[in-house]
Structure formats: structure tokens, C-alpha cells
Amino acid sequence: MPGIIGTPLVESASPAFRGAALAEIPLGRIGEPSDIAPTIVFLVSDESSYYNGAELVVDGGLTAHVSHKSIADATRPPVR
């Protein structure tokens with residue numbers, strides 16, 4: 001379960017989304033592909049052969065913080 005990772009999709013997101021998301025990540029930064037690569041390598045290796053249905057969260061603490069409301073609020077279109 002990767003969090004918000006600095007990919008072209010995230011880079012093309014609105015500044016409001018990126019700012020609100022960054023404010024909710026306890027580690028204080030958006031992840032890089034190199035942050036999740038070791039987990040992917042592990043999961044495709046024989047060392048993970050007994051993992052089954054596990055959720056491995058690699059998100060800088062975002063889901064542990066559990067507050068996505070400000071992200072939704074920052075990106076919601078204004079009410080007319």
C-alpha cells in the first residue's frame with residue numbers, strides 16, 4: 001500500500017492537492033519511488049513466499065495519522 005509517491009501522476013496533480021497531502025504526511029515529504037522499491041523487491045522474492053494477504057503500508061505515516069479530510073477539502077470544487 002504505497003502512499004503518495006512522486007510520480008508523473010502526483011506531479012500533475014493540483015498544487016492544492018499536493019499541499020494538502022504533504023501537510024498530512026507525518027514524515028513531512030512525498031515519497032519517492034526509491035522508498036517503495038525495496039518493498040517491491042522483497043515481495044517478488046522468495047523471502048516473501050509465506051506472505052498471504054498482508055497489507056504492507058509504505059506511506060510516510062499518512063494512514064497512521066488518519067486524516068484525509070483536509071486533502072478532500074482542499075481539492076473539492078467550490079459550491080456554487
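Let's start at Gly3: setting aside neighbours within four places in sequence, this residue is in contact with Val58 and Asp59. Please keep in mind throughout that the model is predicted. Gly3 sits in the segment before helix H1 (8-11). With a relative accessible area of 22%, Gly3 is partly exposed, because the buried class is reserved for values under 20%. The C-alpha atoms of Gly3 and Gly28 are 13 Å from each other, with the two positions 25 residues apart along the chain.

**Asp59, a buried acid**

From Gly3 we can step across to Asp59, which is found in the loop between helix H3 (33-44) and helix H4 (62-65). Once neighbours within four places in sequence are set aside, the contacts of Asp59 are Gly3 and Ile25. What is the nearest side chain of opposite charge to this buried residue? It is that of Arg29, 11 Å away, and Asp59 has no salt bridge. A salt bridge would need a side-chain nitrogen of Lys or Arg within 4 Å of a carboxyl oxygen, so Arg29, at 11 Å, does not qualify as a partner for Asp59. The side chain of Asp59 does have a polar contact, though: the side chain of Thr63 is its partner, at 2.8 Å.

**Arg29 and its acidic partner**

Where, then, is Arg29 placed? It belongs to the loop between H2 and H3. Leaving out neighbours within four places in sequence, Arg29 is in contact with Leu22 and Asp35. The side chains of Arg29 and Asp35 are joined by a polar contact of 2.8 Å, and they also meet in a salt bridge, with an N to O distance of 2.8 Å. How many salt bridges are counted in the structure? The count is one. Both partners are partly exposed: Arg29 has a relative accessibility of 37%, while Asp35 has a relative accessible area of 30%. Looking back towards the start of the chain, the C-alpha atoms of Arg29 and Gly6 are 9.6 Å apart, although 23 residues separate the two along the sequence.

**The two sides of helix H2**

Helix H2 covers residues 15-24, and Ala20, Ala21 and Glu24 are buried there. Why do these three count as lying on the same side of H2? They cover an arc of only 100 degrees around the axis, which places them on one side of the helix. The other side of H2 carries Pro15 and Ala23, which are exposed.

**One aromatic pair**

The structure contains one aromatic pair. Its members are Phe42 and Tyr51, with 5.0 Å from centre to centre and 80 degrees between the planes. The arrangement is edge-to-face, because that class takes planes over 60 degrees apart. Phe42 is partly exposed at a relative accessible area of 22%, and Tyr51 is partly exposed at 43%.

**Partly exposed residues side by side**

Here are the accessibility values for the residues discussed above that are partly exposed.

| Residue | Relative accessible area |
|---|---|
| Gly3 | 22% |
| Arg29 | 37% |
| Asp35 | 30% |
| Phe42 | 22% |
| Tyr51 | 43% |

To bring the charged residues together, Arg29 has its salt bridge with Asp35, whereas Asp59 is buried and has none. For Asp59, the polar contact of its side chain is with Thr63, and Gly3 is one of its contacts from further along the sequence.

Notes
Residues are numbered from 1 along each chain as its sequence is written. This is a predicted model: local features need pLDDT of at least 70, side-chain atom pairs count only at pLDDT 80 or more; totals for chains, interfaces and linings use all residues. Side-chain values use heavy atoms; hydrogens and water are left out. Helices (H or I, at least four residues) and strands (E, at least two) are DSSP runs, numbered from the N terminus. Buried means under 20% relative accessible area, exposed over 50%, partly exposed in between (1.4 Å probe, protein chains only). Lys and Arg count as positive and Asp and Glu as negative; His and the chain ends are not counted. A polar contact is a pair of N or O atoms within 3.5 Å; within protein, one must be able to donate a hydrogen and the other to accept it, and residues adjacent in sequence count only if both atoms are side-chain atoms. Contact means heavy atoms within 4.5 Å. Rings of Phe, Tyr and Trp (its six-membered ring) pair if their centres lie within 6.5 Å; planes under 30 degrees apart count as stacked, over 60 as edge-to-face and the rest as tilted. The arc is that of the directions from the helix axis to the C-beta atoms.
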